[in-house]
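User: Please take a close look at one helix of this model and at what surrounds it. I would welcome a connected account rather than a list.

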Amino acid sequence: MAPERKPPIVLPPTTPPSDISKSAAFIFIHGLGDEAEGLESVARQFQSANKLPHMSWTIPNALENHDLATTAWYLPTRLSPYPPSRPELEDDEDEEGMMATVSYTTTLIDDLVGQGVPTERIVLGGFSQGHAMALLTGLVSKYAGKLGGLVGLSGYLPLADQIPKLREQAGLPKEVGSNGEIFLARGTGDRLVPKRLHRMCYEALYGFGIEQDRVTIKEYEGMGHVMAGAELRDLCAFLEKVVPEID
């Protein structure tokens, strides 16, 4: 029997706009081995500080993976700080699992659009595996180039070599382009996701036709594979810029 997914945690705006078209939403995807509750504290921290009171938060849950005995959006691969001596030595990525997550994440966006939230007022982001899934969804789903922003924290870009093929299969143009903004951040002390994968992530985005001035890149000295205060302050500023409160 297929595992059942826990429903997302949804936090409505603390000050809902009178018109749904003035609202905003952030879909925030957790990392490997975590659950939505792990990110709920971040959302509540923002709300208790009266930050982005017009914005709702949707925090989905990954399925329990029996092989890994933990929650996962896809089967992880080794993330080496050094490239392999030959390309064929790279681990195969779990394209099937990743694309299943893209499909699920797309339904979350569908739900928000169905409620009347403008697509350009929706931001999709995540931490670690959530970073990977937010960026992949933002590049190969039907919402590619249409969202207000993408956020990637302490992660990387999966299936980078497959993205042109996946875009073609989805009927998307070769060049990504974007009306939205992208925020990428990591800590210099991150021992799980090497710096080279962070660099490869934004270089790939540029290669897909995304303008460099639309990509904000941050590194935090000494921060490990976590989210910390300075990063969250910068994330808040980014969200306030891309989905500002509308009078």
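Analyst: G116 comes directly after helix α2 and has a positive phi, near 110 degrees. The model is a predicted one, and this glycine is a convenient point from which to look back along the helix.

Helix α2 covers residues 95–115. At 1.5 Å a residue, its 21 residues should span 30 Å, and the C-alpha atoms at its ends are indeed 30 Å apart, so the expected and modelled lengths agree.

The buried positions of α2 begin with G97 and M98, continue through T101, V102, Y104, T105 and T106, and end with L108, I109 and L112. Here, buried means under 20% relative accessible area. The partners against which these buried residues pack include three strands, β2 (24–29), β3 (55–59) and β6 (122–127), together with the helix α3 (129–140).

The setting of α2 is a protein chain with six helices and nine strands. The radius of gyration of this chain is 17 Å, close to the 18 Å given by the globule rule for 247 residues, so the chain is as compact as a globular protein of that length. Half of the chain's residues, 50% of the 247, count as buried. Among contacts with a separation of 6 or more, 80% join residues 24 or more positions apart.

On the outside, the chain exposes about 11,800 Å², of which carbon and sulfur atoms supply 51%. Its charged side chains number 22 positive and 34 negative, and the centres of these two sets lie 4 Å apart.

Terms used
Residues are numbered from 1 along each chain as its sequence is written. This is a predicted model: local features need pLDDT of at least 70, side-chain atom pairs count only at pLDDT 80 or more; totals for chains, interfaces and linings use all residues. Side-chain values use heavy atoms; hydrogens and water are left out. Helices (H or I, at least four residues) and strands (E, at least two) are DSSP runs, numbered from the N terminus. The radius of gyration is taken over C-alpha atoms; the globule rule is 2.2 Å times the number of residues to the power 0.38. Buried means under 20% relative accessible area, exposed over 50%, partly exposed in between (1.4 Å probe, protein chains only). Contact means heavy atoms within 4.5 Å. Accessible areas come from the Shrake-Rupley method with a 1.4 Å probe; for residues, only the protein chains shown count as cover. Lys and Arg count as positive and Asp and Glu as negative; His and the chain ends are not counted. The place of a charge is taken as NZ of Lys, CZ of Arg, CG of Asp or CD of Glu. The expected span of a helix is 1.5 Å times one less than its number of residues.
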